[in-house]
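I open this entry to record what I looked up in the structure. I begin with single residues and then turn to the chain as a whole.

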Amino acid sequence: MNYSIHQIAKMIDHSLLHPTMTDADLIAGCQLAKHYDVATVCIKPYFVKQAAELLKDSDVKVCTVVGFPHGSSTIQQKVAETRQACKDGATEIDMVVNVGKVLSEDWRYVKKEINAILKESHKHGAILKVIFENDFLPKDKLKIKLCKICSIVGVEFVKTSTGYGYVKQANGDYNYKGATEHDLLLMRKYSSEKVQIKAAGGVRTLDGLLKVMELGVTRLGATATAIIIEDAKKRLGLISGIVTESNVVVGY
């Protein structure tokens, strides 16, 4: 498959969510996103209004997170977060499901929560991505059920992880797998064709991006945006600069 650099850029949600990021870091991140003309910045909730102002003259949208990173807030709190984010200028919402409720298989609650946040998002013209946090879900049947609920409710995206779902390993260290091939194939198989797939966590290279595209992913949450796009341009012998639709890179 051949993809334009523009297509690759528009697949990326440039992630600006690390807790240590300062205002200066977030401003620089918005400028980088604007330079590369990515799909969105996925930014800390408190900075949504400033990001919307910084990006108002660009084609880069503002995305933010709800219930991040562990999904344990009440439904009412998540709805309020969504409402405020949309009022501040967010047009895409990435919400974390209540993982404890998923593990409890309290599907009535899970469906009610997703539906409530979707309705609030749509009320303001925003789209919803539902984060499963797959590292916390040891059984495929839980992910499959989430895909089916999200398809019935009608969300725009299902998403693998936050990038912060660290699980204690046998040696005592904490780590995460993020977007695995197994999970991406499973999510694509069991989600409605109308529901898109977002990969997040662990994809940091152009080849990684191209590979997940071939698995059916249409959006990628990434911190390595510059590395990915500069590598694409390097392979084409292009100098650094704003991407265009005419530049094409060979797929994975």
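**Backbone at Asp-37.** I checked whether Asp-37 is buried or exposed. In this predicted model, Asp-37 is buried, because its relative accessible area is 16% and the cut-off for burial is under 20%. I placed Asp-37 in the loop that joins α2 (23-36) to β3 (40-43). I then read its phi, which is near 55 degrees, a positive value in a residue other than glycine.

**Backbone at Glu-133.** I looked up Glu-133 next and found a positive phi here as well, near 60 degrees, again in a residue other than glycine. I located Glu-133 in the loop between β6 (127-131) and α7 (140-153). Glu-133 counts as buried because its relative accessibility is 1%.

**Peptide bond before Pro-69.** I inspected the bond from Phe-68 to Pro-69 and noted that it is cis, with omega near 0 degrees. Pro-69 belongs to the loop between β4 (61-66) and α4 (75-88).

**Cysteines.** How many disulfides does the structure hold? I recorded 0. I then asked why Cys-86 has no bond to Cys-63. The closest cysteine sulfur to that of Cys-86 is in Cys-63, 10 Å away, and this is too far for a bond, since a disulfide requires sulfur atoms within 2.5 Å. Cys-147 is in no disulfide either; its nearest cysteine sulfur, that of Cys-150, lies 7.0 Å away. I also looked up burial for both residues: Cys-86 is buried at a relative accessible area of 11%, and Cys-147 is buried at 0%.

**Fold and dimensions.** I counted 10 helices and 12 strands in the chain. For 252 residues, a compact globule would have a radius of gyration near 18 Å; I noted 17 Å for the chain, which agrees. Along its principal axes, the C-alpha trace spans about 55 × 40 × 35 Å.

**Packing and surface.** I looked up burial over the chain and found that 51% of its 252 residues count as buried. Among contacts with a separation of 6 or more, 69% come from residues 24 or more positions apart. The chain exposes about 11,600 Å², of which carbon and sulfur atoms supply 52%.

**Charge.** I closed with the charges of the chain, 34 positive and 28 negative. Their mean positions are 6 Å apart.

Terms used:
Residues numbered from 1 in each chain as written. Predicted model: local features only at pLDDT ≥ 70, side-chain atom pairs only at ≥ 80, totals over all residues. Heavy atoms only, no water. Helix = DSSP H or I, 4+ residues; strand = E, 2+ residues; numbered from the N terminus. Rg over C-alpha atoms; globule rule 2.2 N^0.38 Å. Buried < 20%, exposed > 50% of the residue type's maximum accessible area, 1.4 Å probe, protein only. Contact = heavy atoms within 4.5 Å. Areas by Shrake-Rupley, 256 points an atom, 1.4 Å probe, with all protein chains shown as cover. Lys, Arg positive; Asp, Glu negative; His and termini not counted. Charge placed at Lys NZ, Arg CZ, Asp CG, Glu CD.
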